[in-house]
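Let's go through this one by asking what stands behind each label. Have the structure open as you read.

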Amino acid sequence: FLAGVYQVAMGFFQVGFVSVYLSDALLSGFVTGASFTILTSQAKYLLGLSLPRSSGVGSLITTWIQIFRNIRKTNLCDLITSLLCLLVLLPTKELNEHFKSKLKAPVPTELIVVVAATLASHFGKLNEKYNTSIAGSIPTGFMPPKAPDWNLIPSLAVDAIAISIIGFAITVSLSEMFAKKHGYTVKANQEMYAIGFCNIIPSFFHCFTTSAALAKTLVKESTGCQTQLSGVVTALVLLLVLLVIAPLFYSLQKSVLGVITIVNLRGALLKFKDLPKMWKVSRMDTVIWFVTMLSSALISTEIGLLTGVCFSMFCVILRTQKPKTSLLGLVEESEIFESMSAYKNLQTTPGIKIFRFVAPLYYINKEYFKSTLYKKTLNPVLVKAARKKAAKKKIMKETVILSGIQDEVSMQLSPDPLDLHTIVIDCSAIQFLDTAGIHTLKEVRRDYEAIGIQVLLAQCNSSVRDSLASGEYFKEEEENLLFYSVYEAMAFAEYQNQKGVCISNGLSLSSD
């Protein structure tokens, strides 16, 4: 009940935006990692082993340790049944997939296998003869509705927060995965309401917390279910099972159910085939996939999902920490500028260098911005230091003898002029600035002005313009004088150079 209340509240406050942090690589890795966990939980049924269920952190490893320790106790009848079911289900699944465009409805292989296995186990008396693991007695009927114990609210209030968030994250991640596969969209806040009421209402009927189940969802999707009508059919069948049919499954071997679950995980496990292509497209996404997959499998599905989200966000920060930078050149007979490292035969103007920074400029990458700008253009700090050093050496003392009088005259030679007179910073890819970014731009402009080089800013978006204005990068009366294109900035620099004028603020002044 508490988890449902939290989820409805999150839907009301539109918290569903957090689903945007679930990238395709993250979801794929999470599903594959969770598939290993599900496969591990079903492995003991295939071998007919009676082992305690492991849960929590590292349950996959502890479960396999228990399986190998008890493997000598394998029930041969369950093992043979598992192999036979695999030999039937795997080929028929592939045939269903291959001929799905020609079939009006997929062949219900799982249902046929369940019926056949139940009849074989019942009439062959496999449990009595070979001690196979069977479903056993399944209680029928409903428990009477009962209100939740309100006295538990104080002790469960904190735990319910984690349950509600994890339940939402897992449900939305699976929804996004199947939405991508089948070409529809998912509204995260709508899902939040749905999950919330699926927790609040059933809490009066002895139900536990609701969330999407990967194994069951994969089974339904692989059998061809596409609409909510499949949910109605499932509910009606479960109703019949609870009230009438349950005793008929008494003799069904658990190994058969385990095989059905594992076979329907094959789609998630086949994601490994896509890794070489993913590596070529984006190495960062491949690393996110591996981190999420391994943490989901080796630690737990909940922690794995959280780890994947955190690592994915870290990768985004990492990408902006050292983004792509380049010097630009003009495409012939146009006003378009492109990277000189990516394109050939671009035109450059003597004395002008155009620098592009492809990321927001903020506290994480401000030093990288300065270092790459100085490296690709000219380091004003080194130039200034070299000039000071040269100035000391060039102070010459000359003795002038005039009319028998000796005068000492100190003379400092002027520094050599630089070939570079203007740097244009293309701000089109800078989405935003923080205070550190504004301060960095001020430092850069001040350093270059000290050696007689003007810095011009071009193609700033409205957010960057507002930040520059509030950060007092330029004077108030010059707010509307930023360059709207790199071409304008370059033309202005050429005009100023021809007139022999060099402004100190990097703003477009009137040409009158």
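Q: Where do Arg445 and Glu449 lie, and how many residues apart are they?
A: Both sit in helix 18 (residues 435–449), four residues apart, or about one turn of the helix. Keep in mind that this is a predicted model.

Q: What makes Arg445 and Glu449 a salt bridge?
A: The cut-off is a side-chain nitrogen of Lys or Arg within 4 Å of a carboxyl oxygen of Asp or Glu. The side chains of Arg445 and Glu449 meet at 3.6 Å, N to O, so the pair passes.

Q: Why is Arg445 called buried?
A: Buried means under 20% relative accessible area. Arg445 has 15%, so the label buried fits.

Q: And Glu449: buried or exposed, or something in between?
A: In between. Its relative accessibility is 30%, so Glu449 counts as partly exposed, given that exposed starts over 50% and buried is under 20%.

Q: How many salt bridges does a search of the whole structure find?
A: Seven. One of them joins Glu110 to Lys93, with the closest N and O atoms 2.5 Å apart.

Q: Why say that Glu110 and Lys93 tie parts together?
A: Glu110 belongs to helix 5 (residues 109–124) and Lys93 to helix 4 (residues 76–98), so the pair links parts that are 17 residues apart in sequence. Glu110 and Lys93 are both buried.

Q: What about Asp285 and Arg319: how do you know they form a salt bridge?
A: Their side chains come to 3.5 Å, N to O, and the limit is 4 Å. Asp285 is in helix 14 (residues 283–298) and Arg319 in helix 15, so this pair ties together parts 34 residues apart in sequence.

Q: Why do Asp285 and Arg319 count as partly exposed?
A: Asp285 has 28% relative accessibility and Arg319 has a relative accessible area of 41%. Partly exposed covers the range between 20% and 50%, so both labels hold.

Q: What makes helix 2 and helix 15 roughly antiparallel?
A: Helix 2 (residues 24–47) and helix 15 (residues 301–321) pack at an angle of about 160 degrees, with axes 10 Å apart. Angles over 145 count as roughly antiparallel, so the name follows. Their crossing is right-handed.

Q: Which residues make the contact of helix 2 with helix 15?
A: Helix 2 brings Leu26, Phe30, Ala34 and Thr37, while helix 15 brings Thr301, Leu305, Gly308, Val309 and Ser312. They divide into five nonpolar, four polar and no charged.

Note on methods:
Residues numbered from 1 in each chain as written. Predicted model: local features only at pLDDT ≥ 70, side-chain atom pairs only at ≥ 80, totals over all residues. Heavy atoms only, no water. Axes fitted to C-alpha atoms, helices over the stretch in contact; angles between N-to-C directions. Helix = DSSP H or I, 4+ residues; strand = E, 2+ residues; numbered from the N terminus. Parallel < 35°, antiparallel > 145°, perpendicular 65-115°, else oblique. Left-handed = near helix turned anticlockwise from the far one by under 90°. Contact = heavy atoms within 4.5 Å. Nonpolar A, V, L, I, M, F, W, Y, C, P; charged D, E, K, R; others polar. Buried < 20%, exposed > 50% of the residue type's maximum accessible area, 1.4 Å probe, protein only.
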